[in-house]
Amino acid sequence: MLTQIVRPMVRTQLRLLASSQSTRATLVNTIAQWLGFLGVEARVTEIDAASDKIQVSLVVGKPDACDSHDWEQILKNLEESERASGAEPAEPIVLTPQQQGKLQRLLAYVIQAGSPDSKVVWEDVLPQLRGLGYEEDMLLGIRAALKIPQSLEVLTEGLDADLAAIALPKAVSLSMLDRRVTASEDQALSALLEAMKQPL
C-alpha cells in the first residue's frame, strides 16, 4: 500500500506547493514528514531557491535503526559544523478552526482503525502522538474525537485536497507506528489519497 501512494502523494504535494501561499512552511513540513517515515528525526534549518535548485539544510537526529554506539562514533568522526544561528524558524501551516477539527477527527479515525478489535486506550496512545510532535491543542482535539467515532464516509465527504494533503502524511505515520497497516487503515489512506487527487 505504501509504495502505491508514494508517487501520487509526491505529485499532489508538488501541486500543493505550487498553489500554496506559504510555500516555505509547507515544504519544510513535508521534508520533515517524509524523513520521519524512514525513522529519521529531521529539522529543516534553512531553505533557499538557487537557480533551478532548492537548497535545504537539515539537523538530523539518530535514526531509529541506528545503534547508539554507531551513532556516537559517526558524530565523533564528523567535524563540528557551524550551527545555523540565523535560520528563521519554520512558520506552521495555519488551519481554520473547521479544518483543524476535521483533521483531528480524521486522525482519531486512523488511530481507531489501527485497533479495530479493541478499544483505544488514550494513555497508551498519548506518548506515541507526542513522539510524533503533536501539540497540546491537537492532542486535546484528537482525544475528544476518539469519544465520538465517525464513519470514514462522513469524514471524507467534501474533504478538500489541501487538507487531505496535510492529513495523509500524518495518517501514514500513525498507521506505521506498529509497523503494519490494517485493512481499515488502508481504506482510510486510500480515501485521503483520492481526496488529494481533486483539482486544487
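How many residues does α4 have, and what does it reach from its first C-alpha to its last? In this predicted model, α4 has 17 residues and reaches 24 Å. That is close to the 24 Å expected at 1.5 Å a residue.

**Helix α4 and its cover**

Twelve of the 17 residues of α4 are buried, so the helix is largely enclosed by the rest of the structure. The buried residues include G101, K102, L103 and Q104. L106, L107, A108 and Y109 are also among them. So are V110, I111, Q112 and A113. Which helices help to cover these buried residues of α4? The table lists the helices named as part of that cover.

| Helix | Residues |
|---|---|
| α5 | residues 122–131 |
| α6 | residues 136–146 |
| α7 | residues 152–156 |
| α8 | residues 161–175 |
| α9 | residues 183–196 |

**The loop before α4**

L95 sits in the loop between α3 (68–77) and α4 (97–113). Leaving aside neighbours within four places in sequence, L95 is in contact with Q100, L103, L163 and I166. L103 is one of the buried residues of α4. L95 and L163 are 68 residues apart along the chain. Their C-alpha atoms are separated by 8.7 Å.

**A nonpolar patch**

Now the surface. I54, V56, L58 and V60 form a nonpolar patch there. Together they have about 310 Å² of accessible area. V60 belongs to strand β2, which covers residues 53–60. Is V60 buried or exposed? V60 counts as partly exposed, because its relative accessibility is 38%, and the partly exposed class lies between under 20% and over 50%.

Note on methods
Residues are numbered from 1 along each chain as its sequence is written. This is a predicted model: local features need pLDDT of at least 70, side-chain atom pairs count only at pLDDT 80 or more; totals for chains, interfaces and linings use all residues. Side-chain values use heavy atoms; hydrogens and water are left out. Patches are made of residues with over 30% relative accessible area and no salt bridge: like charges are joined within 9 Å, nonpolar side chains (Val, Leu, Ile, Met, Phe, Trp, Tyr) within 5 Å. Accessible areas come from the Shrake-Rupley method with a 1.4 Å probe; for residues, only the protein chains shown count as cover. A salt bridge is a side-chain nitrogen of Lys or Arg within 4 Å of a carboxyl oxygen of Asp or Glu. Helices (H or I, at least four residues) and strands (E, at least two) are DSSP runs, numbered from the N terminus. Buried means under 20% relative accessible area, exposed over 50%, partly exposed in between (1.4 Å probe, protein chains only). Contact means heavy atoms within 4.5 Å. The expected span of a helix is 1.5 Å times one less than its number of residues.
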